[in-house]
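Biologist: Could you pull up the model, so that we can go through how the helices pack and where the pockets are?

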Protein chains: 2
Amino acid sequence: MKLRAIKPVRETQTRILDAAEELFLQHGFEGASMRMLTTRAGVNLAAINYHFGSKDALIEAVLRRRLDPMNSNRVAALDRIEAQAAGRPLEPEAIIGAFVGTSLRMIEDSRGGGRNFIRLLGRTYTDPDKQIRALIGQLYAPAMERYKAAFTRALPGLPRDELVWRMHFMFGTLSYTLAATDTVQLIAGFKAEDRYDARLLEARLTAFLAAGLLAPLQNGAAVRKAA
Amino acid sequence: MKLRAIKPVRETQTRILDAAEELFLQHGFEGASMRMLTTRAGVNLAAINYHFGSKDALIEAVLRRRLDPMNSNRVAALDRIEAQAAGRPLEPEAIIGAFVGTSLRMIEDSRGGGRNFIRLLGRTYTDPDKQIRALIGQLYAPAMERYKAAFTRALPGLPRDELVWRMHFMFGTLSYTLAATDTVQLIAGFKAEDRYDARLLEARLTAFLAAGLLAPLQNGAAVRKAA
DNA sequence: GTCTATATCATGATAGAC
DNA sequence: GTCTATCATGATATAGAC
């Protein structure tokens, strides 16, 4: 009987992706060199080009690995509450909760290293590199359209232009909050243990965003119909 | 009578700062090389080190050139509305308007090239480089403290923890909106001419942020006293 | 103050042995 | 699949002529 070599703990590709996720967050896509990545991953310098083809392709792989399932989760969360509602119109708070909750639950998932990715993601929307912003916009578009449709159904009194801006504001608040979990310290002087209580943060964020989404229109009209 | 050489249109230092402002925005602090900067500025490669000492020092100079006056303007706007109120408590909307308006007015100031800077600033808060984030936090801290005090006086019913988070959310919405004025296109499909109407954007942002700041607390209590 | 020329080092990528 | 060795390029920074 022939003995096979013991498999490494994680596949080389996974080791590279994990290292890249962490180092891209700390140094940016440009600032993290391939030497840094391969050293951290414990693999050879040539491994990135062998497994992914180029550094750019690696960046895309890092983003897709978590973003594709995350978008599926987001859409699934929306499907779930729509099924529960059984045809009745959704509460805007429930839609926001589905969107925000998907991100924040990744922060808690310490095993999957999702926290690094969530913070990385928050930065990526404002990355200097235009191609990276285009990629992320493209990866997001389908889920965003689904949520836009859901908001439109839930809030027929909100004009389309206004909805798009308010979704933009909501998205901005979320992604900044995810990206800047250490800057807040500098600005406000937080206790460290307060920062990653995802449940409390989710409640606070949802309340803030729902109020903003439902703000009175400039002509004074209410957005939500009276109950 | 001795003739002096004609002065260049702008000083070398200003030319470098202007070029850096634009190229840092387009390529990030790390991605914009000194060669790119000096070529764009039409000066010699050695000029940056001669005038600023290093690339890092140039980055700080670029930020300080506009951030210091901007913070002064922010505080002055607050002083002004406090003087107008003559001792009466301020409306939270007025405080938000003072803060937001200072940023958005820089976008309109096409002469000073403030728009580039505002977008650059929006990115800087989530820059990968820790020193840059620390610098920006430090430059912002005094003005932020003034605004925190103003909000505290205007909203005695809002607990301090909650106020700090909501200020964080407001700041995030603003900075993301400033940084991502092109990403919004990808997400929502905007008409281009709509994007830089600063007056309209200011009204929309202020309404959104004020509603979020005044969102009911988790125990259902209202934040603002009834009139 | 401004330039040329250069020192020194790190980068992404690849060729070829094993 | 993984390694070593190396290439071509571009980075920041500086020395020294003018």
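**Helix packing and pockets**

Modeller: α4(A) and α7(A) are roughly parallel to each other (angles under 35 degrees count as such, over 145 as roughly antiparallel, 65 to 115 as roughly perpendicular and the rest as oblique). This is a predicted model, in which local features need pLDDT of at least 70, side-chain atom pairs count only at pLDDT 80 or more, and totals for chains, interfaces and linings use all residues. Residues are numbered from 1 along each chain as its sequence is written, chains are lettered from A and ligands numbered from 1 in the order written, and side-chain values use heavy atoms, without hydrogens and water.

Biologist: At what angle do α4 and α7 of chain A pack, and how far apart are their axes?

Modeller: Helix α4 (residues 55-85) and helix α7 (residues 130-154) of chain A pack at about 5°, and their axes are 10 Å apart.

Biologist: New topic: how much space lies in the largest pocket?

Modeller: The largest pocket holds about 950 Å³, where a pocket is an open set of points on a 1 Å grid over the protein atoms alone, fitting a 1.4 Å probe, with protein on both sides within 12 Å along at least five of seven lines, and lining residues have an atom within 4 Å of a point.

Biologist: Which residues are closest to its centre?

Modeller: Of the 45 lining residues, the closest to the centre of the largest pocket are A:G28, A:P128, B:G28, B:E30 and B:P128.

Biologist: And what is the volume of the second largest pocket?

Modeller: The second largest pocket has about 510 Å³, and α4(B) gives the most to its lining, with eight residues.

Note on methods:
Axes are lines fitted to C-alpha atoms, for helices over the stretch in contact, and angles run from 0 to 180 degrees between N-to-C directions. Helices (H or I, at least four residues) and strands (E, at least two) are DSSP runs, numbered from the N terminus. Grid points are joined across faces, edges and corners, and a volume is the space filled by probe spheres set on the points.
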